[in-house]
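User: I have a model open and would like to learn how to read its strands, its sheets and the contacts between its chains. Could you take me through them step by step?

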Amino acid sequence: MENLKEKGAEALRKIREEKPLVHNITNFVVMNYTANALLAIGASPVMAHSIDEVEDMVSLARALVLNIGTLEREWIESMIKAGKRANKLGVPVILDPVGAGATPLRTETSKRIIEEVRLSSIRGNASEILSLTDERGRTKGVDSLHEVEEVWKEGLKLSQELKTVIAITGKVDFITDGKRGFRCFNGHPLLRWVTGTGCTATVIIASFLAVEKDPLLATAFGLSYFGIAGEKAAEKTSSSGSYGIALLDAIYEIKEEEFAEKMRLEEVKI
Amino acid sequence: MENLKEKGAEALRKIREEKPLVHNITNFVVMNYTANALLAIGASPVMAHSIDEVEDMVSLARALVLNIGTLEREWIESMIKAGKRANKLGVPVILDPVGAGATPLRTETSKRIIEEVRLSSIRGNASEILSLTDERGRTKGVDSLHEVEEVWKEGLKLSQELKTVIAITGKVDFITDGKRGFRCFNGHPLLRWVTGTGCTATVIIASFLAVEKDPLLATAFGLSYFGIAGEKAAEKTSSSGSYGIALLDAIYEIKEEEFAEKMRLEEVKI
Amino acid sequence: MENLKEKGAEALRKIREEKPLVHNITNFVVMNYTANALLAIGASPVMAHSIDEVEDMVSLARALVLNIGTLEREWIESMIKAGKRANKLGVPVILDPVGAGATPLRTETSKRIIEEVRLSSIRGNASEILSLTDERGRTKGVDSLHEVEEVWKEGLKLSQELKTVIAITGKVDFITDGKRGFRCFNGHPLLRWVTGTGCTATVIIASFLAVEKDPLLATAFGLSYFGIAGEKAAEKTSSSGSYGIALLDAIYEIKEEEFAEKMRLEEVKI
């Protein structure tokens with residue numbers, strides 16, 4: 001664990017030193033907030049979705065975020081195109097299957113992306129992750145109807161099939177690459193009162209993927225960092241609007257030592 | 001009035017207990033803010049506009065918001081399609097005709113939606129509501145050039161023709177279903193310094209429509225609740241940026257008793 | 001300089017008195033924030049991008065903002081169409097070539113807009129401005145890889161060729177119409193930690209363009225006003241999330257006298 005804390009702090013130091021460009025093809029609801037979150041941690045965000053430029057943009061990037069939160073047809077092609085180019089260039093790709101399980105469009109698009117693009121990591125809530133497996137997941141809009149623990153096994157199996165890191169987030173997060181696993185205990189109940197906190201966790205993971213080669217560690221570090229920010233923000237306010245702002249402040253403020261100190265990752269035997 | 005206060009408090013309790021899914025096909029400017037407002041009051045927001053999923057999504061929802069603030073051609077078809085499905089399923093639909101009167105596209109789209117979809121409620125400023133009648137309204141962008149009082153009669157007539165609740169919002173709000181009416185005195189001048197407060201009032205009404213069967217009451221409760229939040233936020237700050245955040249905090253904080261106590265709805269004789 | 005300060009204060013007074021409608025065809029990331037910034041300074045924002053209404057909307061406006069931050073094909077045609085109509089009506093147009101230099105789509109679109117629309121002002125960072133010249137600019141996503149001073153000469157030449165005000169923004173801003181020039185020393189390092197502050201500077205300039213006939217002065221006033229707001233916000237907080245809110249507060253709060261007093265514009269000999 002000491003080694004893990006050191007590695008996490010080192011990855012954070014790299015984000016702030018190298019300011020990696022993170023290319024986002026994401027939903028309209030969270031574009032502003034996740035761009036601010038990426039700036040706050042020290043990364044350099046760009047949002048670009050036109051089929052006419054996604055390949056050019058991802059060529060400049062160190063990580064690619066695909067988020068299906070407000071999907072439309074043309075965007076799906078852009079996501080696939082950007083993802084394939086990222087694969088060729090060795091740029092890590094993370095998928096956030098927002099609302100998968102709620103509508104066939106979201107479930108099928110997520111599955112198509114998974115088939116056509118090699119992903120470093122997938123982060124979703126329990127319902128979303130379940131909907132990616134053969135088990136039928138149900139999702140209430142973009143909120144989960146399942147607990148993390150319920151879909152643990154399905155997530156592990158999916159991870160092994162896809163050779164991709166799967167992160168199931170909820171009260172306690174479960175992260176696995178099919179061989180090793182972590183539980184992340186950082187986080188705060190107020191996070192669910194701000195829109196796009198799942199999406200924001202995803203872009204924080206993307207920042208770590210840009211600098212840390214092991215996608216399991218990058219995903220675990222991202223979720224832990226984001227959870228710590230959630231804890232720190234709750235020290236400032238207990239109302240949802242100001243909490244969203246305090247969360248950005250916390251993402252900006254957390255130093256390497258504080259990250260290492262507050263990290264609550266527990267290795268899980270697979 | 002005591003009965004009204006109790007009913008309002010009861011509806012608020014239901015929102016928080018049942019967390020109704022509110023499906024929004026809305027404009028790009030306010031998506032993040034209105035999603036946060038819906039979360040703050042206790043509802044569960046989802047934004048989805050693709051013609052390929054709006055029918056599926058609205059089938060999961062308890063209310064549908066159609067907001068034309070940043071219209072484009074494909075979105076109009078999605079709004080109609082979602083609205084018709086909502087009608088079939090008995091899901092209440094509210095229209096926010098943002099900027100109707102400013103351009104023919106907005107006026108004509110609003111009128112087309114009104115013709116093709118059975119609406120539970122329409123909320124707009126005086127110019128927007130006037131533009132939906134045969135009287136020619138004028139709108140300066142998305143701001144009203146008329147006072148609520150000036151269009152009172154036209155609003156009432158429209159309500160009777162469409163058998164829909166009409167809410168004309170401004171300094172004092174006027175709400176009618178053509179038979180009964182309310183004036184709402186809650187609100188604060190600072191609200192007009194934050195973008196999308198009209199749109200936010202609309203989604204708060206949608207939350208009440210999801211749990212209260214009488215659309216006149218639901219609309220009146222929504223406007224009163226939102227106005228109270230505006231008053232409460234003004235106790236914290238007098239600058240526009242922090243007011244927008246304090247407004248979300250207030251929407252989150254107001255309890256049932258406080259809502260009942262501060263509600264300022266006055267019945268109007270029709 | 002006293003005369004300049006007076007003229008700036010007078011322009012600010014006019015914005016607040018006349019509340020000019022500013023029509024924005026802009027990117028998804030900043031729509032909410034720039035609408036709030038326009039409200040805060042006293043202008044009246046409208047966002048509208050459909051090819052079916054941009055000509056109607058710009059006819060009501062006193063300034064037009066074209067911002068290519070999240071470009072897609074249809075939007076380019078809307079920008080050109082709105083720009084041409086604005087030209088016919090004498091409505092000033094400002095271009096924000098976000099990310100020009102990063103992808104061919106952005107560079108070529110910016111150049112096409114410059115060819116087809118007569119612009120009052122162009123505001124970009126050093127890389128963006130350089131990419132509009134024959135010199136090849138490089139841009140890292142939407143961040144500059146060049147300092148303002150490095151592209152001073154190219155900016156001046158571009159300004160003379162296009163007969164347009166060029167504003168290159170960075171630590172110190174350089175503004176010229178090809179004959180006269182200003183350096184603007186207002187601003188704060190925290191501004192780069194909030195997404196869309198460049199875009200926000202652009203809409204503040206647009207507010208001044210709406211009321212001040214000389215586009216060189218309007219651009220200089222806009223950048224100075226925005227920089228002062230950045231300085232004032234930094235007195236309240238040193239974290240990025242709350243800084244973004246404090247910035248809106250400052251834009252709302254600055255009075256004419258304060259603007260005149262803190263204005264730091266220095267005339268440059270061309």
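Analyst: Let us begin with one pair of residues in a model that is predicted. In β5(C), the residue that bridges to C:Leu95 is C:Ile122. That pair belongs to strand β4 (residues 93-96) of chain C and strand β5 (residues 121-125) of chain C, which run parallel and are joined by two bridges.

User: In what order do the strands of the chain C sheet lie, and is the sheet open or closed?

Analyst: The sheet of chain C is open, and its nine strands follow the order β2-β1-β3-β4-β5-β8-β9-β10-β11, with mixed pairing. At its edges stand β2 (44-47) and β11 (265-268) of chain C, each of which pairs on one side only. From one strand to the next, the twist averages 20 degrees.

User: Which helix packs on that sheet, touching β1 (21-25) and β2 of chain C?

Analyst: The helix is α2(C), and its direction makes about 155 degrees with that of β2(C).

User: How should I read the sheet of chain B, and why is one side of each edge strand left without a neighbour?

Analyst: In chain B, nine strands in the order β2-β1-β3-β4-β5-β8-β9-β10-β11 form an open sheet of mixed pairing. Its edges are β2 and β11 (265-268) of chain B, and each has a single partner strand, so one side of each has no neighbour in the sheet. Within chain B, strand β5 (residues 121-125) and strand β8 (residues 165-169) pair in the parallel sense over five bridges, and B:Arg123 has B:Ala167 in β8(B) as its bridge partner. The helix α2(B) packs on the sheet, where it touches β1 (21-25) and β2 of chain B.

User: Turning to the contacts between chains, how many residues does the contact take from chain C and from chain A?

Analyst: The contact takes 28 residues from chain C and 27 residues from chain A. On the side of chain C that touches chain A, α2 (31-41), α5 (104-116) and α10 (240-253) of chain C each supply at least two residues, and the largest share, five residues, comes from α10(C). By class, that side of chain C has twelve nonpolar, eleven polar and five charged residues.

User: And what does chain B bring to its contact with chain A?

Analyst: Here 27 residues come from chain B and 28 residues from chain A. Two or more residues are given by each of α2 (31-41), β2 (44-47), α3 (54-60) and α10 (240-253) of chain B, with α10(B) giving the most, seven residues. The side of chain B that touches chain A has 17 nonpolar, five polar and five charged residues.

Note on methods
Residues numbered from 1 in each chain as written. Chains lettered and ligands numbered in written order. Predicted model: local features only at pLDDT ≥ 70, side-chain atom pairs only at ≥ 80, totals over all residues. Contact = placed C-beta atoms within 7 Å. Helix = DSSP H or I, 4+ residues; strand = E, 2+ residues; numbered from the N terminus. Nonpolar A, V, L, I, M, F, W, Y, C, P; charged D, E, K, R; others polar. Pairing = 2+ DSSP bridges. Axes fitted to C-alpha atoms, helices over the stretch in contact; angles between N-to-C directions.
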